[in-house]
Amino acid sequence: MGLSGVYVPNVAWAEEEPEIPEWAIDDGQSENPEEESPVLQTQAALPAAYDMRDDGIVTPVKSQGHMMSCWTFGGVAAAETSILSANTTAFGSTYEDSHIDLSERHLAFFSLNPVSEADDPAQAGEGMHTFATNTNAAFDAGGATLFVTSLYATGVGPVVEQAFPYRGVDANGESHTNLQLYEADPYGETVKWVKEKLKDELKLNRDISDAELEALLGESLDSIVEKNKQKAYEGIMFNVYYTPEEDWSIPLVNENGASNRCLQCGVLLKDGNVLPEYWAADDPEHTAPRDEAITAMKQEILNGHGVCLAYSSSSGPVQYKSQVERPDHGVCVVGWNDNFHVGNDVKDGAWICKNSWGSETDACEDDLGNVVNSVAYGYQNEDGQHTGYFYLSYYDKTIYKLETMDFTDTLGSLEGALAVAQHDYMPACNGFYVADNSDKVTSSANVFDADRNFEIRGVSTFTAEPNTRVTFAIYELNDGATTPTDGRLLYRTSQNFGYEGFHRLDLTQRPTVAQGRKFSIVSTASTLDNDGKRVYRVAANRGISEEEGRAGGRPFYATAVVNEGESFISNGSSWQDWKQYKADNNVEEYGPVDNFSIKAYGAIIENPVASVSYAGHVQGTGDVPAARDGETLGTVGASKRLEQFSAQLFGVDGASICYRAHVQGIGWTDEARDGVRCGTTGESRRIEAVQMRLEGVEGQHVWYRVHSQRYGWLGWACDGQPAGTAGQSRRVEAIEVKVLPDGADLAAELKDYVEGQASYVGAATGGAHVQGTGWTKTASALSFGTTGKSKRVEAIKLSLANQPLGSRHHLRGARPGHRLDARGGRRQGRRNHGQVQAPGGREGEPRARERARGQVLRVVPGPLPDLRLAGLGARRRGRRHHRALQARRGDRGAGAAAGPGPRGLRRRPGRLRERLAARPSMDKGDSSPRSCV
């Protein structure tokens, strides 16, 4: 498989730009608002000084040795600090808690070793290459801060130091320090030391032969060694570390044949932030750093993110360069001090920088027992020990390229084998190709194959500008699809990103793509220009061509492998394959350009529970995006009917979902299945009830419920049971659907689940015998009787049409709490509690016309409470009438009217009173009135 502020839209884009396509619609809401990039505060609101070491989230100083791998050490130091500071990782909150140590060797090696067949056969050969034949060339080629985030974003680490320690091995698999080699061969090591010094002084990127060394210095090797032997020894003692003469390479695959390139230690890059440029583009002399850059650096450090930067280095513990120079060294900034006095000729203020030249305070033994990192470099502490840190003036004119990182382990800690779908492996070693801003909706997309059942848990993209709003859309594509939106929209969401850079968004819902299907991730990125107008932009990683690398004397070049059908670009109305677009528009004029940096992060599901997606058509809104696995489709509280819906099952081969709807004026529709629409559009007909069932899957069940007009959410129905109403003119406004396996905890998996709660309400017709009026007209109404006329209801009759077996309803009096339970179309057990006509049964005659003080009766769906029907009175009409009632007790015909019965009557002078309590009991011996199923 294969920042001054953050823009938050307050209006739906559909109102602003009606021509926005489906995949780019933004509802103005964010997927995870709490994860929005923080709005930067003004510098005055920030403390005058801060040092992350005080919070214990900085790892010890290390040494890069003789290698030109400073960029990896600065980047890894920033990564370690960011991981420690994150609340979403399991590494502990401080270094003392975790002793986290990440591998610089792994990052450096794979920077100049391209993708192999074991990594991704479709992209094999993509990445950075070196012109050198030396196996250690990757460690001496140099790099940039952008390499770090580019590599981490493509899945190269981070891995722990223990997996790939920063050292090489000889032919026997043993590692040696520089000191050990010097002691074994002082002559040869002195010559090598002199050569290295000369290469540094002459800024050479090649080796020097013995003859060239003699010619340059005008002396014999013996004379050179004799003069420099003591200096070489002292220099090696200054940097007692592993020799670069050994083999530092890493096997492309492990002993099991799995790739070593894309290993991680359980955390993944979430954000790789490119901070604002330190110097303004229109200030070539670097007269003053930009306030927004300084503010951004401080805010990110306060957020626990070490800042990677490049600068032109010197060896002192305090640095300020007043001339603009090309940067040659990378470090990690861990703090600042506004009041630090750099020198008399420069303003106060300096960054606290963690270097990679070793220190005395952090010297330690490695796993082989060798003392490493022990170098007398950096400003001294109170005990006179060199710390390995230095101060860099705010006003140093060589500061360049600021980046930070944020990591989480939220994906790796979830159930299922983690997988990443991507096509972009080439680091941005030459910056980015960025298309011109467009006022047309411009989107980019990547298409992937799901070779196994894939649950998508996160998506990512690259933003080319700060303060960018991105809308992500996920599609499951149709067979034979030629564009990334030719299929079913599974999910759509938006998020704000405050900084330029690589950004991953973890999803609150997780759409699943079945094995063998293609799917796409569509990214639409926009921002506001200086006039407040929305503009769109796409970008991709750009590399250095082989020709440019050779001509410029660079040690490396880059290759982009872009195949047809992988990436696409759209102007809002049509899609074009990115490979063809590049050729037609001269995109690679300044170097190779990769596929879009759009990825899908997720889990391989070996034994998946079927997942269900359902879309619909809502009154006044039209088609709405698909909901997934228990999400709400439709509206609640907006009084809008659901007019049409469809459902799709995926994740289980050969399974189908079948469904039908009860539609206004039509009745139950024919059964539809697997994405076929059910209902109507353009006819203003409401859906009143639905039924669903599964086919071709065992041990799993489809559960669903509807939000019905006036009733709200009804109970959950399952496997073909009806949900909703029929014949009551009540619209379905929303629906929720979920598939669960046998034995699932229904209370935990289903929202507001209550066992036995009504999921379906049939139409009710009935009437009442009212004092002085007689029988009222039978009607399909849910209330009858009188109010405000002091007339008693003496009897009622009620019929529930289309009532499914086992559903429960209540007869409720006008007074709060006056309820009478009746179920499933059968009559109420005691005549003086009312009867319910069974479907198809005849209407019964009233048995008595006695006062019912609850004058208005309603049918109400819901779970059976502890029901009480109080205040019903019956006037004694004499023994003869009483005996007549007793004689007629056996007549319990369906639909018979409810009147007083003899059970529970008590003789009293002049009047007979009763108090009856109806309880939802099914015990045979219970003497209370029953509600029978």
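What percentage of the 933 residues in the protein is buried? Buried residues, meaning those under 20% relative accessible area (exposed is over 50% and partly exposed lies in between, with a 1.4 Å probe and protein chains only), make up 56% of the 933. This is a predicted model, in which local features need pLDDT of at least 70 and side-chain atom pairs count only at pLDDT 80 or more, while totals for chains, interfaces and linings use all residues. Residues are numbered from 1 along each chain as its sequence is written, and side-chain values use heavy atoms, with hydrogens and water left out.

**Overall make-up**
- The secondary structure comes to 15 helices and 48 strands, taken as DSSP runs numbered from the N terminus (helices H or I, at least four residues; strands E, at least two).
- The accessible surface is about 39,400 Å², with 45% belonging to carbon and sulfur atoms, as computed by the Shrake-Rupley method with a 1.4 Å probe.

**A four-stranded sheet**
- An open sheet of 4 strands runs in the order S28-S27-S30-S34 with antiparallel pairing, where two strands pair if DSSP finds at least two bridges between them.
- Strands S28 (622-628) and S34 (678-679) stand at the edges with a single partner strand each, so one side of each is left without a neighbour in the sheet.
- Strand S27 (residues 611-618) pairs with S28 in the antiparallel sense over 5 bridges, and His-617 has Asp-623 in S28 as its bridge partner.

**Helix H9**
- Leu-216 is placed in helix H9 (residues 210-217), and this leucine counts as partly exposed because its relative accessibility is 43%.
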